[in-house]
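Visitor: Could you walk me through this model, one question at a time, and show the reasoning behind each answer?

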Amino acid sequence: MFYDVLFLLALIASVSMCIYRIGIGPTPPDRSVAIDVLGTVMVGFCVLSALKTGNDFYLDVALAWTLISFIGGLSLAKFLEGRRFDE
Amino acid sequence: MCLKIYLKFFFILLICWALLVWPFQDSPGIIEKWLLGILVCAFISYLELRNVSKNSLHFPLSPLRLYWFIRFIIKFAYLMVIANLDVAYRVMHPDLPINPGIVMVKTELKHPLGRLMLANAITLTPGTLVVEMTDDGYLFIHWINVISKEENIIKKTIVLPFEIYLKKAFD
Amino acid sequence: MNSIISMIFLFIGVLFIVLGCIGLVRLPDVYNRLQAATKCVTLGICGMLIAVMVEKGFSPMSGKALLCMIFILITSPTSAHAMARGAYRSKVRLCKNSVCDYYEFGRPEEAEKQPLECECKNDKS
């Protein structure tokens, strides 16, 4: 029980660092990288919930979150290259 | 040949379906699950066959190639753990001992799937990140600790640990 | 026994996620941040999914965890690669203490013709 709270606090610290980088990032690519990493850390939250509650639909959420984060990262990268979203 | 590509795509999709739905245990509706999966996978692979480029899924299968591919995965897992310890050392060191730069190296792999595997493996191994790969096989790699600019040494350090396995597995 | 091994894998995974995010804050450049974040967070998520697979054994959850691990291992480096190329195309250059930059010449033929005067120097931060 103590370890679960420890893991949760560690993940919350990681998310805070990502949000810090999103806030102060000097250039747009910094913010995009931090958003992409934030999406991957959220998958970690889903996995932790699945392991501790025993419900397997949290892993479905993790799977969908992976793919949506991937598509979001690719479209952010295309936007950084100076192209439109619908190419 | 078209039928072979179709069957490979179909079986890859069916394995994904089986991992997602898990129709292995004695539960009600197990036959319906398999039937629905086979129908949906056949339809999706029929739709995707026109979009996916023909030669990217055209890889020869044999037990020897599978053996080299498993060797590649073992090497990749080992180097991935090493990479993370290396990054952890660099991040936690108070002076940040980095020496970054972008170097250029040429690969000899021809197969698109092999090149994809090589780029992903290089990105996840110690201190390297593929920035761009051109069509004629040049890789631009961001390296966090440039130890040399000689192309032979770069190739021996970064590319060759994976290329020898992937060449036997795909080309 | 299974739960102890699973706890160890979970600890390793969370540790590497935290290290990756510290790297995201501390390192000086987009490309270095991308390296630290991508590698460490990918291995961290893989460790957590291995913990699920160890604890649950042969069950629906471990199948989904395996599928999720394959997807993470394929999509995360691809996304990092696209992001690095986008950052370079949007004219974010390397940080001050970089050593060499072959990519600024564009094509490989021109890069081979150019004389490279940058030398490997051992500087700290």
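Visitor: Which helix of chain C lies across β2 and β3 of chain B, and at what angle does it run to β2(B)?

Guide: Please keep in mind that this is a predicted model. The helix lying across β2 and β3 of chain B is α2 of chain C, which spans residues 30-56. Its direction relative to β2(B) is about 115°.

Visitor: In what order do the three strands of the open sheet in chain B lie?

Guide: The order can be built up from the pairings, since β1(B) and β3(B) pair in the antiparallel sense over six bridges, while β2(B) and β3(B) pair in the antiparallel sense over five bridges. Individual bridge partners illustrate this, with Ile102(B) facing His142(B) in β3(B) and Thr128(B) facing Trp143(B) in β3(B). The order in this open sheet of chain B is β1-β3-β2.

Visitor: Which strands are the edge strands of that sheet?

Guide: In the open, antiparallel sheet with the order β1-β3-β2 in chain B, an edge strand is one that pairs on one side only. That description applies to β1 and β2 of chain B.

Visitor: Which helix of chain B packs on the sheet, and what angle does its direction make with that of β1(B)?

Guide: β2(B) and β3(B) pair in the antiparallel sense. The helix that packs on the sheet is α5 of chain B, residues 151-170, which touches β1, β2 and β3 of chain B. Its direction makes an angle with that of β1(B) of about 90°.

Visitor: Why is strand β1 of chain B described as largely enclosed by the rest of the structure?

Guide: The strand covers residues 101-106 of chain B, and a residue counts as buried when its relative accessible area is under 20%. β1(B) is largely enclosed because the number of its six residues that are buried is five.

Visitor: How much area do chain C and chain A bury between them?

Guide: The contact involves 42 residues of chain C and 41 residues of chain A. Carbon and sulfur atoms carry 80% of the buried area, and the total between the two chains is about 3,800 Å².

Visitor: Which helix supplies the largest share of the side of chain C that touches chain A?

Guide: Between chain C and chain A there are five salt bridges, and one salt bridge joins the side chains of Glu81(A) and Arg89(C) at 3.3 Å, N to O. On the side of chain C that touches chain A, α1, α2 and α3 of chain C each supply at least two residues. The largest share, 17 residues, comes from α3(C).

Visitor: Is Gly54(A), in the loop between α2 and α3 of chain A, buried, partly exposed or exposed?

Guide: Beyond its neighbours within four places in sequence, Gly54(A) is in contact with Ser49(A) and, from chain C, with Lys56(C) and Met61(C). Its relative accessibility is 36%, and since buried means under 20% and exposed over 50%, Gly54(A) counts as partly exposed.

Visitor: Which side chain joins that of Thr42(C) in a polar contact of 3.0 Å?

Guide: Thr42(C) sits in helix α2 of chain C and is buried, with a relative accessible area of 1%. Its side chain reaches the backbone oxygen of Thr38(C) at 2.5 Å, and the residues in contact with Thr42(C) beyond four places in sequence include Met80(B) and Leu124(B). The partner in the 3.0 Å polar contact between side chains is Ser76(C).

How values were computed:
Residues numbered from 1 in each chain as written. Chains lettered and ligands numbered in written order. Predicted model: local features only at pLDDT ≥ 70, side-chain atom pairs only at ≥ 80, totals over all residues. Heavy atoms only, no water. Buried < 20%, exposed > 50% of the residue type's maximum accessible area, 1.4 Å probe, protein only. Helix = DSSP H or I, 4+ residues; strand = E, 2+ residues; numbered from the N terminus. Pairing = 2+ DSSP bridges. Contact = heavy atoms within 4.5 Å. Axes fitted to C-alpha atoms, helices over the stretch in contact; angles between N-to-C directions. Buried area = accessible area lost by both parts, 1.4 Å probe. Salt bridge = Lys/Arg side-chain N within 4 Å of Asp/Glu carboxyl O. Polar contact = N/O pair within 3.5 Å; in protein donor to acceptor, adjacent residues only side chain to side chain.
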